[in-house]
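Work through the exercises below with the sequence and the model at hand. Try each task before reading its solution.

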Amino acid sequence: MTVPDPVRHHAETRPEAPALATGAETWTWHDLDVRVGDAAARLTAMPERVAVCADTSPDLVVWVLAALRTGRVLVPLSTRWRPAAVAQALGRLGIDRALTDADLARLGAEAEGDARGGAPSIPLDRPFTVVHTSGSTGTPKAILHTVGNHVWSARGVNEALGVTERSRWLLDLPLYHVGGLGVVVRCALAGATIAIPPPDLGLVEGISGLRPTHASFVATQLRRLLDAGADLSGLDAVLLGGSAVPADLLDAAVEAGVPAVTSYGMTEMTSTVTATAPGADRVELATSGRPLPHRDLRIAESGEIEVSGPTRFAGTLGPDGLQPAPTWHPTGDVGHLDAEGRLVVTGRVDLQFVSGGENVRPEAIEAALLALDSVREAVVVPVPDAEFGARPVAFVRLDGDAEVNGVALGDAVRASLPGFMVPVAFHTWRGAEGLKPDRPALTREAERRAAGSGENGRGDDPQSHVPRS
């Protein structure tokens with residue numbers, strides 16, 4: 001099976017329609033096709049896998065679409081990684097170096113004109129991208145997606161959220177995450193406009209100037225937008241992903257008229273798996289919605305969520321080649337389907353730990369913290385404890401980035417949590433810098449602080465934190 005080259009298709013049928021807008025300039029589909037053609041000509045002279053470590057920009061969008069056209073496998077790497085991590089990822093994939101922002105800008109400036117060669121149709125089974133997981137439990141995995149994975153994912157989202165050629169989707173996510181790549185492919189297939197906020201403007205100003213119809217945010221982004229007074233009520237849909245959305249944030253979004261769409265997704269399924277319907281009420285928004293078209297989902301006897309279908313990744317790449325994906329991918333998430341067939345995610349299999357014989361789910365502690373008026377973000381990780389095996393430690397960002405008062409927070413959550421789930425320490429945190437909090441890094445930081453403090457691991461009020469049945 002094949003799919004027509006979407007950029008070429010729109011360039012031939014709607015050449016003057018807007019394809020990409022930044023506020024400073026607008027490219028038509030003809031403009032974009034010319035740029036993609038030139039980048040495609042350059043890509044064909046490069047190795048099979050081409051790595052890019054660059055910020056979201058029109059130039060990077062061009063290279064994503066050029067890779068789609070040529071059959072080169074694009075490997076976008078996180079700009080937040082340290083050089084050593086980038087070098088390790090390149091080494092595992094046998095790539096010499098990664099193109100940077102400066103490389104993309106230079107190559108774009110050296111464009112030679114209308115080099116629009118390329119096949120008119122693209123095989124769906126052809127490898128397209130390698131996206132690294134967030135690495136929540138260790139070394140990030142290199143997930144290989146095919147053209148078909150991206151196409152079926154985009155078609156399902158477009159159908160569910162009503163994306164058409166008249167839509168404008170705000171691209172404010174990094175393209176080293178599958179959610180950012182998803183925006184590009186959705187717009188390319190639908191003929192919608194990719195709206196990229198200028199880097200020198202705040203997101204609020206960017207939204208006001210670009211007037212998007214659709215946007216993708218993580219909970220942290222939405223909270224900060226609402227705190228800044230952004231008016232999102234005029235959008236058709238605001239897709240929320242990355243992690244669970246706190247109840248108070250959903251309340252605030254509904255009150256502000258935000259057309260929120262809660263969802264569940266992952267890199268291995270090429271982004272969104274389930275989503276609520278646009279205009280869903282508050283009850284439905286408390287769930288992750290129903291499976292979108294072209295996805296399959298089931299709950300194993302253990303309660304773990306398993307997924308399959310044409311958006312399921314091709315496999316994991318490493319030094320020994322490709323390890324094919326299983327037919328049903330175990331997600332590591334635990335949940336259930338409610339009476340209406342909507343997914344309710346309750347936690348992670350690999351985040352649970354045992355403290356003094358009690359099972360502790362960090363998500364439950366985080367929910368208790370986020371229910372407090374002053375708490376904006378919270379992550380709970382375990383630290384080793386000689387007596388109890390492990391104890392919970394919380395990293396918290398308060399309203400206005402105030403300093404954390406551990407005693408006050410401990411007293412506040414003790415009203416709703418058993419003693420063994422009350423964190424033994426609370427640390428001031430500036431919040432997640434990416435789509436998800438870096439739990440391994442926070443765990444290392446919690447262990448470092450615990451070792452440096454010389455404390456016995458029971459926090460400011462030892463007796464109040466002793467596990468009890």
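**Exercise 1. The second largest pocket**

How much space lies in the second largest pocket? Find also the residues and elements that line the second largest pocket.

Solution. The model is a predicted one.
Step 1: The space in the second largest pocket comes to about 750 Å³.
Step 2: Its lining consists of 27 residues. Those nearest the centre of this pocket are R80, D172, L173, P174 and Q221.
Step 3: Two elements, α8 and α9 (219-227), give two or more residues to this lining. Of the elements, α9 gives the most, with four residues.

**Exercise 2. The largest cavity**

Which residues line the largest cavity, and what is its volume?

Solution.
Step 1: Count the cavities of 30 Å³ or more; there is one.
Step 2: The volume of the largest cavity is about 50 Å³.
Step 3: Its lining is made by V3, P6, L68, F128, V147, V151, V185, A188 and L189.
Step 4: Sort the lining by element. Both α6 (147-161) and α7 (178-190) give two or more residues, and α7 gives the most, with three residues.

**Exercise 3. The nonpolar cores**

Describe the largest nonpolar core, and say which residues V61 touches.

Solution.
Step 1: The largest nonpolar core holds 56 residues. Within this core, L32, V61 and L65 have the most contacts.
Step 2: Helix α3 (residues 58-70) supplies the largest share of this core, nine residues.
Step 3: Leave out residues up to four places away in sequence; V61 then touches L20, L171, L175, V184, I194 and I196.
Step 4: There is also a second, separate core of 25 residues, and among its members are A21, A195, L225 and L250.
Step 5: For background, nonpolar side chains tend to be buried together in soluble globular proteins.

**Exercise 4. An open sheet**

In what order do the four strands of the open sheet lie, and which strands are at the edges?

Solution.
Step 1: The order is β17-β18-β21-β22, with antiparallel pairing.
Step 2: β17 (296-299) and β22 (343-348) are the edge strands, since each pairs on one side only.
Step 3: From one strand to the next, the twist averages 45°.
Step 4: Look at one pair. β17 and β18 (residues 304-308) are joined by four bridges in the antiparallel sense. R298 has E306 in β18 as its bridge partner.
Step 5: In general, the strands of a sheet pair through backbone hydrogen bonds, either parallel or antiparallel.

**Exercise 5. Strand β13**

Are the residues of strand β13 buried or exposed, and which strand pairs with β13 over five bridges?

Solution.
Step 1: β13 covers residues 237-241, and five of its five residues are buried.
Step 2: Separate the two directions. A237, L239 and G241 point one way, V238 and L240 point the other way, and all are buried.
Step 3: The partner is strand β12 (residues 214-218), which pairs with β13 in the parallel sense over five bridges.
Step 4: Opposite L239 in β13 stands S216.

**Exercise 6. Helix α12**

How many of the nine residues of helix α12 are buried?

Solution.
Step 1: Helix α12 runs over residues 362-370, and seven of its nine residues are buried, so the helix is mostly covered.
Step 2: The buried residues are P362, E363, I365, E366, A368, L369 and L370.

**Exercise 7. Three single residues**

Classify R211, S271 and P198 as buried or exposed, and give the place of each.

Solution.
Step 1: R211 lies in the loop between α8 and β12. Its relative accessible area is 57%, over the 50% cut-off, so R211 is exposed. R211 has a positive phi of about 50° although it is not a glycine.
Step 2: S271 belongs to strand β15 (residues 271-275). S271 has a relative accessibility of 8%, under the 20% cut-off, so S271 counts as buried. S271 is not a glycine either, yet its phi is positive, about 95°.
Step 3: P198 sits in the loop between β11 (193-195) and α8 (203-210). P198 counts as buried because its relative accessibility is 16%.
Step 4: Between the C-alpha atoms of P198 and V380 there are 34 Å, and the two residues are 182 residues apart along the chain.

Notes. Residues numbered from 1 in each chain as written. Predicted model: local features only at pLDDT ≥ 70, side-chain atom pairs only at ≥ 80, totals over all residues. Heavy atoms only, no water. Pairing = 2+ DSSP bridges. Axes fitted to C-alpha atoms, helices over the stretch in contact; angles between N-to-C directions. Core = buried A, V, L, I, M, F, W, Y, C linked by side-chain atoms within 4.5 Å. Buried < 20%, exposed > 50% of the residue type's maximum accessible area, 1.4 Å probe, protein only. Contact = heavy atoms within 4.5 Å. 1 Å grid on protein atoms, 1.4 Å probe; cavity = no way out; pocket = protein on both sides within 12 Å on 5 of 7 lines; lining within 4 Å. Points joined across faces, edges and corners; volume = space filled by probe spheres on them.
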